[in-house]
Structures are given as C-alpha cells and as structure tokens.
Amino acid sequence: MVGIQRRTDRPAAANSALRGRDRATKVSLSNVRARAMKHYLDFEKPIVELQRKLEEFKKHPETHSLGISFEEEAAQIEKKIEETRRMIFSNLTPWQRVQLARHPKRPYTLDYLQTTFTDFSELHGDRLYSDDRAIVGGLARLGDHKVVVIGTQKGHDTKENILRNFGSAHPEGYRKALRLMRLADKFGLPIIALIDTAGAYPGIGAEERHIAEAIAVNLREMMLFDVPIIAVVVGEGGSGGALGIGVADRVLILENAYYSVISPEGCAAILWRDRAAAAKAAESLKITAKDLHDLGLVDEIIPEPLGGAHNDPAATAQTLKQHLLKHLKQLHKLSTAERLKRRYDKYRSYGHHLEQPAAA
C-alpha cells in the first residue's frame with residue numbers, strides 16, 4: 001500500500017511542478033516582451049502596434065472575431081507584422097541605421113567572444129599605466145585558427161557602461177591593444193579587431209596621457225605587422241577611436257553599422273549649429289555600410305537578420321564567423337610581402353576623387 005500511495009502521489013506532485021514551471025515561463029516571456037518594448041525605436045512603432053494587437057487578440061479572442069476562425073485571424077495579423085517589418089527594414093534611412101547601430105540590445109565584443117570565438121583568454125593592462133576596460137583583448141580560437149582578438153566594449157546597463165566608459169578608450173586602452181598586437185606578430189597569430197565605439201575618450205586625463213600619440217603609434221605599427229589583420233565594424237565606428245584598432249588588410253562592416261570621421265550630432269552642431277539636424281548630417285556624411293562599400297572604404301558588408309543583429313544574435317555571430325574564416329583563408333594564401341604591399345596600397349588609395357570642371 002505504501003508503494004501504491006507513492007505512485008499516486010507522484011503524478012500530483014509532478015503536475016504541480018509543471019504548473020509552476022508554466023507560470024514561471026509565462027512570467028519570464030512577459031518580462032522579455034516588456035523589456036523589448038522599452039527598446040523599440042521610433043520607426044518601429046507600426047510593428048509594435050501590430051504586436052500589441054496580436055497579444056490582445058490572443059488574450060480575448062471572443063471580442064475580435066471577424067467571422068473567421070481564431071487561427072486564421074491570428075495568422076493574418078502575424079503576416080501583416082512580417083510584411084510591415086520587411087517594408088520598414090528594407091527602406092531604412094542613414095539616420096535610422098545609426099540608431100540601430102546604437103541599439104542597447106545589440107551584441108557587443110564580449111558577446112561575440114562567447115559565440116563567434118572559442119577558448120577566449122583575456123589579457124589585461126598596457127604595462128605602462130593601467131588596464132582600460134573599454135578595450136578588451138586576448139587569445140582565442142576562430143574555427144581551427146589561433147588568433148588574437150581586440151575590441152572596444154560598451155555596457156548593456158548603467159553599471160557596465162560606467163565600468164567600460166561607454167566604450168570610449170583612454171590612451172592606455174590603445175597601448176594595451178598595441179601590446180597584444182605585438183604579441184600576435186611575435187608568435188605569428190592573425191589579429192581580429194572588433195570596432196564599436198563612438199570615439200576615443202576626449203577628457204583632460206586622456207589628453208594629459210597623450211591620446212593622439214597613442215592612436216598615431218597604433219596606425220603606424222598596424223601598417224607594418226607581418227600577420228594578417230581583419231577589422232570588423234560591428235556597431236559604431238567613430239573617428240580615431242575606431243581607427244586606432246582599425247588599420248587592417250580587410251575591413252568588414254555589419255549591415256546596420258556605421259563608420260565615420262565624426263558623429264552625425266557632432267557634424268550637425270558644426271555645420272548647421274543644431275544637433276537636431278543629425279538626420280540630415282547622417283545622409284550627407286555617407287556613413288552607412290552601402291555608402292562605404294560603394295566608396296571602396298570597406299571590403300565587404302556582413303548581412304544582419306531582419307530588424308538588426310539584436311533580433312538574432314546567434315545567427316549574426318555565425319554569419320560573422322563565416323566571413324572572418326573566408327577572409328582569413330584568402331589572406332593566408334598571400335605572402336607576407338604581398339600582404340604588406342596590398343595593405344599599404346589600400347590606404348594610400350583613400351581620398352582620391354574627381355572634380356567636375358566649373359561651368360563657364
């Protein structure tokens with residue numbers, strides 16, 4: 001009887017546990033949706049409204065009947081959401097792409113180090129002043145390749161942003177990056193740089209410790225390293241802060257990232273004396289991935305999932321990995337002398353343009 005009693009008790013306990021898990025799952029999904037709603041951009045509002053309509057319909061199907069079945073009506077709304085999403089993200093303006101590049105849920109360098117790369121071992125400090133948390137770097141594996149990865153790191157919340165200085169590095173950050181790149185060159189390891197910064201830190205302390213000199217030395221030294229170098233703009237690519245780790249044999253950019261000598265707001269404040277003209281400045285600066293590729297300033301555009309990298313970070317990480325492996329394989333086929341010559345010619349060719357003669 002004891003055994004029978006135990007058998008009859010187990011299903012009840014199991015059912016209770018399952019009900020508890022279901023409630024916890026529903027609460028968790030609700031929290032995820034609530035957090036996601038907080039980070040929708042202005043141009044995504046039509047999608048948000050349709051999603052809310054769909055959720056409301058699923059909660060109260062009896063009040064939204066159109067004379068067709070519940071499943072058919074839900075399918076129609078979901079189809080409308082997908083069509084609206086595709087229409088919006090297929091016709092983004094430069095300023096909207098800048099907003100996507102700055103999305104707080106977008107994957108950052110440490111996220112890619114956990115997905116695109118394996119066996120990452122972080123190395124700290126510049127051996128001169130301190131360890132700058134705005135730049136992370138170390139040894140890792142990319143597929144079967146041993147590499148050194150360096151990248152700028154922002155924060156996903158206020159506490160981490162303060163720790164990482166919002167991704168704006170000090171001079172010691174660039175000197176740490178240079179130390180790691182020299183280590184890579186010494187041991188024949190390819191260098192991968194992940195760029196996501198609004199720019200180097202412009203504070204008094206950075207000036208006192210020679211931020212311009214630190215970036216300039218990186219530009220010179222990266223031009224001379226024998227090992228293959230690949231730089232990827234994964235979010236924001238702002239000014240010298242991005243270029244300080246961006247001199248490379250191949251420069252790639254994610255579809256919704258941007259690369260610019262100045263932020264749209266900064267440009268608007270200088271040319272139009274009004275930061276509200278940032279959208280106009282973004283269009284004039286030609287900073288989107290397509291514009292940069294057309295100008296020959298980047299070598300390839302890495303596609304993102306519909307809606308941006310934050311909508312499917314795992315897929316973005318795998319796509320990034322495939323492109324890095326492809327370019328690394330191509331660079332390994334070149335001799336060191338040929339690779340250095342192409343790298344030099346690549347940057348010497350920047351800035352050429354043709355002027356149309358003035359009309360009489």
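Helix α4 (residues 94-101) and helix α12 (residues 278-285) pack at an angle of about 100°, their axes 8 Å apart. Angles of 65 to 115 degrees count as roughly perpendicular, so α4 is roughly perpendicular to α12. On the α4 side, the contact is made by P94, W95 and V98, and on the α12 side by A278, A279, A282 and E283. Sort those residues by type and you get six nonpolar, no polar and one charged. Keep in mind throughout that this is a predicted model.

## The wider picture

Stepping back, the protein has 15 helices and eight strands. Of its 360 residues, 44% are buried. Take the contacts between residues at least 6 apart in sequence, and 70% of them join residues at least 24 apart.

## Around α11

Back to α4 and α12, which have another partner. The buried residues of helix α11 pack against both α4 and α12. Those buried residues are P264, E265, G266, C267 and A268.

A268, found in α11 (residues 264-271), is a good one to click on. Is A268 buried or exposed? Its relative accessibility is 0%, so A268 counts as buried. Setting aside neighbours within four places in sequence, A268 is in contact with R273, D274, R275, A277, A278 and A281. One of these, A278, also belongs to the α12 side of the contact with α4. Another, A281, is 13 residues from A268 in sequence, with the two C-alpha atoms 5.6 Å apart in space.

R273, also on that contact list, comes after α11 and has a positive phi. It sits in the loop between α11 and α12. R273 is exposed, with a relative accessible area of 75%, whereas A268 is buried.

## Another positive phi

R273 has company. R127 also has a positive phi, of about 65°, although R127 is not a glycine. Where is R127? Look in the loop between β1 (118-122) and β2 (135-142). With a relative accessibility of 61%, R127 counts as exposed. Here are the two arginines next to each other:

| Residue | Phi | Loop | Relative accessible area |
|---|---|---|---|
| R127 | about 65° | between β1 and β2 | 61% |
| R273 | near 55° | between α11 and α12 | 75% |

## P107, a buried loop residue

Not every loop residue here is exposed: P107, in the loop between α4 and α5 (109-115), is buried, with a relative accessible area of 5%. What does P107 touch, leaving aside neighbours within four places in sequence? Its contacts are Y112, D196, A309, H310 and P313. Y112 falls within α5 (109-115). There is also a long jump in sequence to note: P107 and T316 are 209 residues apart along the chain, but 8.9 Å apart in space, C-alpha to C-alpha.

## α7 alongside α9

Now for a helix pair with another geometry. The axes of helix α7 (residues 171-187) and helix α9 (residues 211-222) come within 8 Å and cross at roughly 20°. Angles under 35 degrees count as roughly parallel, which means α7 is roughly parallel to α9. The crossing is left-handed.

Which residues make this contact? From α7 there are P171, Y174, R175, A177, L178, M181 and R182. From α9 come I211, E213, A214, I215, V217, N218, E221 and M222. By type, the contact of α7 with α9 divides into 10 nonpolar, one polar and four charged residues.

## The nonpolar cores

In soluble globular proteins, nonpolar side chains tend to be buried together. In this model, the largest nonpolar core has 62 residues. Its members with the most contacts inside the core are F117, I150, V232, Y259 and L324.

V232 makes a handy starting point for a look around. Not counting residues up to four places away in sequence, V232 touches A193, L194, I195, L252, I302, L320 and L324. In that list, L324 is another of the core residues with the most contacts. Apart from this core lies another one, of 12 residues, among them I47, L50, L92 and L100. L100 falls within α4 (residues 94-101), the helix that packs roughly perpendicular to α12.

Conventions: Residues numbered from 1 in each chain as written. Predicted model: local features only at pLDDT ≥ 70, side-chain atom pairs only at ≥ 80, totals over all residues. Heavy atoms only, no water. Axes fitted to C-alpha atoms, helices over the stretch in contact; angles between N-to-C directions. Helix = DSSP H or I, 4+ residues; strand = E, 2+ residues; numbered from the N terminus. Parallel < 35°, antiparallel > 145°, perpendicular 65-115°, else oblique. Left-handed = near helix turned anticlockwise from the far one by under 90°. Contact = heavy atoms within 4.5 Å. Nonpolar A, V, L, I, M, F, W, Y, C, P; charged D, E, K, R; others polar. Core = buried A, V, L, I, M, F, W, Y, C linked by side-chain atoms within 4.5 Å. Buried < 20%, exposed > 50% of the residue type's maximum accessible area, 1.4 Å probe, protein only.
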